[in-house]
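The following exercises concern the reading of a protein model. Each task is followed by a solution in steps.

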Amino acid sequence: MNSKIKLPISEAGKNISHITEAVQKGKTYFLTSRGRSKAVIMSMDEFESLWETIEVLETFPDIMEDIRDMEKDIESNNIKSYKSLKEFKAELRISDGAKKKYDVSKIPSSKSRKRSKKSR
């Protein structure tokens with residue numbers, strides 16, 4: 001079970017080694033400043049899983065509806081020929097290793113964002 005822990009940013013800095021070990025065991029830290037959440041620390045595995053889920057939902061926005069339709073078909077014994085996961089993945093990739101438009105990456109893309117300069 002994933003424990004969620006709130007911790008002031010100042011305390012996190014002092015205990016980063018302990019926090020790093022704890023997130024590997026399923027804990028998630030919400031770092032706060034003046035009582036307001038400012039950042040999250042989670043394991044890399046959990047982050048990658050979350051990121052992949054977001055990419056899948058962006059790529060296939062109707063996936064939950066498709067899953068419900070498939071479950072209804074199974075319940076009503078209206079068996080259709082569905083593709084296996086292996087076949088589905090093969091369609092998303094080009095044989096030479098290049099990615100098609102809908103391929104899901106494991107690492108988030110780094111998009112630069114313009115930041116406005118604060119007046120001094």
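Helices are DSSP runs of H or I with at least four residues, numbered from the N terminus. By this numbering, Met64 belongs to helix 4. The model is a predicted one.

**Exercise 1.** State how many helices and strands the chain has, and give their order.

*Solution.* Step 1: the chain contains five helices and three strands. Step 2: along the sequence, these elements follow the pattern β-α-α-β-β-α-α-α. Step 3: of the 120 residues in the chain, 13% are buried.

**Exercise 2.** Determine where the buried residues of helix 2 lie around its axis.

*Solution.* Step 1: helix 2 spans residues 16-24, and its buried residues are Ile19, Ala22 and Val23. Step 2: these residues lie on the same side of helix 2, because they cover an arc of only 95 degrees around the axis. Step 3: Ser17, Glu21 and Gln24, on the other side of helix 2, are exposed.

**Exercise 3.** Identify the partners of the salt bridge, and explain how they are placed in helix 1.

*Solution.* Step 1: a side-chain nitrogen of Lys or Arg must be within 4 Å of a carboxyl oxygen of Asp or Glu. Step 2: the side chains of Lys14 and Glu11 meet this condition, at 3.6 Å from N to O. Step 3: the count by this rule is one salt bridge. Step 4: Lys14 and Glu11 are separated by about one helical turn, because they are three residues apart in helix 1 (residues 9-14). Step 5: in general, an α-helix has 3.6 residues a turn, so residues three or four places apart point the same way. Step 6: Lys14 is exposed, with a relative accessible area of 64%, whereas Glu11 is partly exposed, at 31%.

**Exercise 4.** Classify Met64 and Glu65 as buried, partly exposed or exposed, and name the surface patch to which each belongs.

*Solution.* Step 1: partly exposed residues lie between the limits of 20% and 50% relative accessible area. Step 2: Met64 counts as partly exposed because its relative accessibility is 46%. Step 3: Met64 forms a nonpolar surface patch with Leu57 and Ile67, and together they have about 250 Å² of accessible area. Step 4: Glu65, in helix 4 (residues 63-75), also counts as partly exposed, since its relative accessibility is 43%. Step 5: Glu65 belongs to a negative surface patch with Asp62, Asp66 and Asp69.

Definitions and conventions: Residues are numbered from 1 along each chain as its sequence is written. This is a predicted model: local features need pLDDT of at least 70, side-chain atom pairs count only at pLDDT 80 or more; totals for chains, interfaces and linings use all residues. Side-chain values use heavy atoms; hydrogens and water are left out. Patches are made of residues with over 30% relative accessible area and no salt bridge: like charges are joined within 9 Å, nonpolar side chains (Val, Leu, Ile, Met, Phe, Trp, Tyr) within 5 Å. Accessible areas come from the Shrake-Rupley method with a 1.4 Å probe; for residues, only the protein chains shown count as cover. Lys and Arg count as positive and Asp and Glu as negative; His and the chain ends are not counted. The place of a charge is taken as NZ of Lys, CZ of Arg, CG of Asp or CD of Glu. Helices (H or I, at least four residues) and strands (E, at least two) are DSSP runs, numbered from the N terminus. Buried means under 20% relative accessible area, exposed over 50%, partly exposed in between (1.4 Å probe, protein chains only). The arc is that of the directions from the helix axis to the C-beta atoms.
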